[in-house]
Amino acid sequence: MKLGFVSAILPDQTLAEVVQFAADTGYDCVELMCWPKGKAERRYAGVTHVDVVALSETEVDQILQCVADAGITISGLGYYPNPLTPDETEAEIYREHIKKLILAAKRLSVDIVNTFIGRDQARTIDGNWKRFKQMWKPLIQFAADNGIRVGIENCPMFFTEDEWPAGQNLAYAPAIWERMFDEIPSPNFGLNFDPSHFIWLQMDYLKPLVTFADRIFHVHAKDVRLDRERLDKVGILATPLSYHTPKLPGLGDVNWGRFFSVLSDTGYDGSVCVEVEDRAYEGKLETRQRALRQSHIYLRQFIG
């Protein structure tokens, strides 16, 4: 396995600075964010370390040289919008940008693009299914034609009141994954697995490592702390941030020793990238970098 981090936490640094920091800290890889340039839509969004819209051959060469000189790799290109938003004009913008990531990944010799399935949050799973098929079948075929795998993160994107009642990402549970992969059996369609979401959803985060071993393309290392006292007061129908808190790996409820024990038994040899969403470390660049250093020290005991 390779240990890396998600570049979204360093929006104020250039690609070269991010890559050098990764190398200096001892990371093996980085998942580079590729949002369209402009204002962020939400927290951790809008970060552009690779501008796939205007990626010249000179820039491709510069990026490849930059990571090669630092001795690290690009684990994947990341972009996490809501491609199934009911606003079809907006959804089309997201879909077309995902295609640009796929083409950029091919040019950069990166074989993974990470994103969300998306969801119309006012509709049930069945109510979203027709649009899911219409959009994702050709998109996964486009990825396959270009030799790129698509890793879907399992975050429900249901944290705040504006994402009520069902969240903005369909692919959050194993039962839905089974249905997705039955519908689109392409080997280029898989998961970017984050165990932290299973904590607050109160599901087993180890079983999927085995059941979906051939579909896990990429892993996010994020932790969460579940506040049982608050959960007892508000219940599971409350917005999730009212009873759980994202934390750095090792500071929450994920048992990382067991997680890596099972993950390694499956034969997984891909990237595991730290995703910093711990607000206790979000202030200055220095504290965000410290979060990445601390996470590196902690996770290195599991990834040699």
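Is Trp177 buried or exposed, and what is its relative accessibility? Trp177 counts as buried because its relative accessibility is 0%, under the 20% cut-off. The legends below walk through a predicted model, and Trp177 returns in the third view.

**View 1. Eight strands close into a barrel.**
Welcome to the barrel, where 8 strands follow the order S1-S2-S3-S4-S5-S6-S7-S10 with parallel pairing. From one strand to the next, the twist averages 30°. At the place where S1 (residues 2–6) meets S10 (residues 271–274), the two pair in the parallel sense over 4 bridges. Look there for Phe5, whose bridge partner in S10 is Val274.

**View 2. Strand S3 sits between S2 and S4 in the barrel order.**
S3 spans residues 73–78, and 5 of its 6 residues are buried. With S2 (residues 29–33), S3 shares 5 bridges in the parallel sense; with S4 (residues 112–115), S3 pairs over 2 bridges, again parallel. Gly78 is a handy landmark here: Met33 stands opposite Gly78, and Gly78 also stands opposite Asn114 in S4. To get from S3 to S4, the chain passes through helix H3 (residues 88–107) in a right-handed β-α-β crossover.

**View 3. Two aromatic pairs link distant parts of the chain.**
The whole structure holds 19 aromatic pairs, and two of them are shown here. Phe159 and Trp200 form a tilted pair, with 5.6 Å from centre to centre and 55° between the planes. Phe159 lies in the loop between S5 and H5, while Trp200 belongs to helix H6, 41 residues apart. Both Phe159 and Trp200 are buried. Next come Trp177 and Phe212, whose centres are 5.0 Å apart and whose planes meet at 85°, so this pair is edge-to-face. Trp177 is in helix H5 and Phe212 in the loop between H7 and S7, 35 residues apart. Phe212 has 6% relative accessibility and therefore counts as buried.

**View 4. Phe259 belongs to both the nonpolar core and an aromatic cluster.**
The largest nonpolar core has 99 residues, and Phe259 is among those with the most contacts inside it, together with Phe5, Ile117, Phe132, Trp136, Met180. Helix H4 (residues 125–145) gives the largest share of this core, 7 residues. Setting aside neighbours within four places in sequence, Phe259 is in contact with Phe193, Pro195, Tyr205, Leu206, Leu209 and Val219. Ring pairs also join Phe259 into a cluster whose members include Trp136, Trp177, Phe193 and Phe212.

Methods. Residues are numbered from 1 along each chain as its sequence is written. This is a predicted model: local features need pLDDT of at least 70, side-chain atom pairs count only at pLDDT 80 or more; totals for chains, interfaces and linings use all residues. Side-chain values use heavy atoms; hydrogens and water are left out. Buried means under 20% relative accessible area, exposed over 50%, partly exposed in between (1.4 Å probe, protein chains only). Two strands pair if DSSP finds at least two bridges between them. A crossover is right-handed if, with the strands pointing away from the viewer, the path from the first strand over the helix to the second runs clockwise. A nonpolar core is a set of buried Ala, Val, Leu, Ile, Met, Phe, Trp, Tyr and Cys residues joined through side-chain atoms within 4.5 Å. Contact means heavy atoms within 4.5 Å. Axes are lines fitted to C-alpha atoms, for helices over the stretch in contact, and angles run from 0 to 180 degrees between N-to-C directions. Rings of Phe, Tyr and Trp (its six-membered ring) pair if their centres lie within 6.5 Å; planes under 30 degrees apart count as stacked, over 60 as edge-to-face and the rest as tilted.
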